[in-house]
Amino acid sequence: MNQPFAMSGEIFVRTVGMDSRKEAVFRMAFKMYTRRSYRLLEAQESRDPALAIIDVDGPEGMNLAHRLRQEHPQLRILITSITPDATSGFPALQKPVRMETLFPALEALLQGGGQESAPAVAPTPPAADQGKTTTATVTPIRPELSGRTAAIPEPPAVTFPPPPAQPAAAPHPAVPILRPEDVRPFDPEHGLLGLLLMVRRDQVPAVIVEGAQRVILKIDPIADQVLSLVDDETLKTLAQNPDQRLQARAPSSADIPANTPVRHLTLQALLWQVGAWTANGRLINRLQPNTPVQLKHWPNLTRLSMLPEALRLAAFLARSPASPVLVVKMLRVAPADLFNFLAASESLGLLRYSPVGGTEARAVTPAVEPGKQEIPTARRGFLGRLLARIAGL
């Protein structure tokens, strides 16, 4: 029988029978979960996973599950299906999978439950059948309810083990505080980020070279494509050093010799990452710590590199405008993480705010058009009313 996992340490998970879109959903869910440290293994990684999640609705779905059980008897397996089969021999989740049922199911597996060695709870057989041999089955974690084909049943109750005794109380981390005198500004129009923004603004193909005509990037802004001839560490160094001799020029056929290794990127992904690297814990010089700022819409985080606290910041700033000082106070995020996120979002043109010297209220809150009334305070969302109350203190 499998032994329960310890509460600490990274737990590797392998998905089987899923496309990249479904894997991205699981990967994002694992990053948002804080009770345990789950990590989804990439296809090229050779680590041995502790858990496997198999989509059995595809071709050879159940055959893959049984084959994996035979080849790796100690592997904990969870299957997902639109119509879970109670006689499959595996714990199952009914699709669509939700976070409130996914993680209790994984916890049950890690604590040794849901394996074939654990018989499912079944009703007591009639007296006439008590002499017959019965076969134990595993009940799906999200069974279907009779008469409710589209309803989502409640997740089963999972008993968690008591937390291990703490040898000594760890010091509580200090609450982040953003003081305007500690803010370091930077100009996004200079250096590598400035050249990338210029190329995107002009919508003209260009090549960025360093020093003695060493080609760094070849950019096609219309197709949103970039060919990179250097690795990420080199790009990070160039982004954080505005004194590097970089320039943009028109491309030519001799820019990239034959058989030269290149990496294919999208211009949006490159701008997002270079924006965060350039900020390096600094605030855009056009934005003041007390200036309200808001996201025009969510960044496509599944296609961009994940920045610290990006999900929480995107959810907060997409709903209502708030100043950096207020964001740090309410979300308790490090100012450096907030500034990097703001710089990355600004590089994609996702921020709405009033630049230094403008009128803040007009930039963040559009003026009411003639013939239309402003939304009354009582009809605003709870978060909007809360922010308005705090901003007025």
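**Notebook: helix packing and two sheets**

I began with α6 and helix α9 (residues 335–347), whose axes come within 7 Å and cross at roughly 140 degrees. The model is a predicted one, and I read it as such. Angles over 145 degrees count as roughly antiparallel, and α6 and α9 are therefore oblique to each other. I noted the hand as well: α6 passes α9 in a right-handed crossing. On the α6 side I listed L271, W272, G275, A276 and A279. On the α9 side I listed F339, N340, F341, A343, A344, S345 and S347. I sorted this contact of α6 with α9 by class and got eight nonpolar, four polar and no charged residues.

Next I looked at the other helix partner, α4. Helix α4 (residues 191–202) and helix α6 (residues 267–279) have axes that come within 9 Å and cross at roughly 150 degrees. With the cut-off at over 145 degrees, α4 and α6 are therefore roughly antiparallel to each other. Their crossing is left-handed. From α4 I wrote down L192, L193, L196, L197 and R200; they meet L267, L270, L271, V274, G275 and T278 in α6. By class, the contact of α4 with α6 has eight nonpolar, two polar and one charged residues. I see L271 and G275 of α6 in the contact with α4, and I see L271 and G275 again in the contact with α9.

I then turned to the sheet beside α6. Five strands make an open sheet in the order β10-β7-β8-β9-β11, and the pairing is antiparallel. At the edges I found β10 (246–249) and β11 (263–266), each pairing on one side only. From one strand to the next the twist averages 25 degrees. I checked one pair in detail: strand β9 (residues 225–228) and β11 run antiparallel and are joined by four bridges. Within this pair, Q225 stands opposite T266 in β11. Helix α5 (residues 232–240) packs on the sheet and touches β7 (206–210), β8 (214–220), β9, β10 and β11. The direction of α5 makes about 90 degrees with that of β8. α6 packs on the sheet too, touching β8, β9 and β11, and its direction makes about 85 degrees with that of β11.

I moved on to the other sheet. It is open, with five strands in the order β2-β1-β3-β4-β5 and parallel pairing. Its edge strands are β2 (37–40) and β5 (92–94); each pairs on one side only. Here the twist averages 25 degrees from one strand to the next. Strand β1 (residues 10–16) runs parallel to β2, and four bridges join them. I found E10 opposite S37 in β2. Helix α1 (residues 20–32) packs on the sheet, touching β1, β2 and β3 (51–55), with its direction at about 160 degrees to that of β2. Helix α3 (residues 99–110) lies across β1, β2, β3, β4 (76–81) and β5, and runs at about 150 degrees to β4.

Last, I looked up R184. It sits in the loop between α3 and β6 (185–186). Its relative accessibility is 45%, so R184 counts as partly exposed. Leaving out residues up to four places away in sequence, I have R184 touching N280, G281, R282 and L283. I also noted N285: R184 and N285 are 101 residues apart in sequence, with 8.5 Å from C-alpha to C-alpha.

Methods: Residues numbered from 1 in each chain as written. Predicted model: local features only at pLDDT ≥ 70, side-chain atom pairs only at ≥ 80, totals over all residues. Heavy atoms only, no water. Axes fitted to C-alpha atoms, helices over the stretch in contact; angles between N-to-C directions. Parallel < 35°, antiparallel > 145°, perpendicular 65-115°, else oblique. Left-handed = near helix turned anticlockwise from the far one by under 90°. Contact = heavy atoms within 4.5 Å. Nonpolar A, V, L, I, M, F, W, Y, C, P; charged D, E, K, R; others polar. Pairing = 2+ DSSP bridges. Buried < 20%, exposed > 50% of the residue type's maximum accessible area, 1.4 Å probe, protein only.
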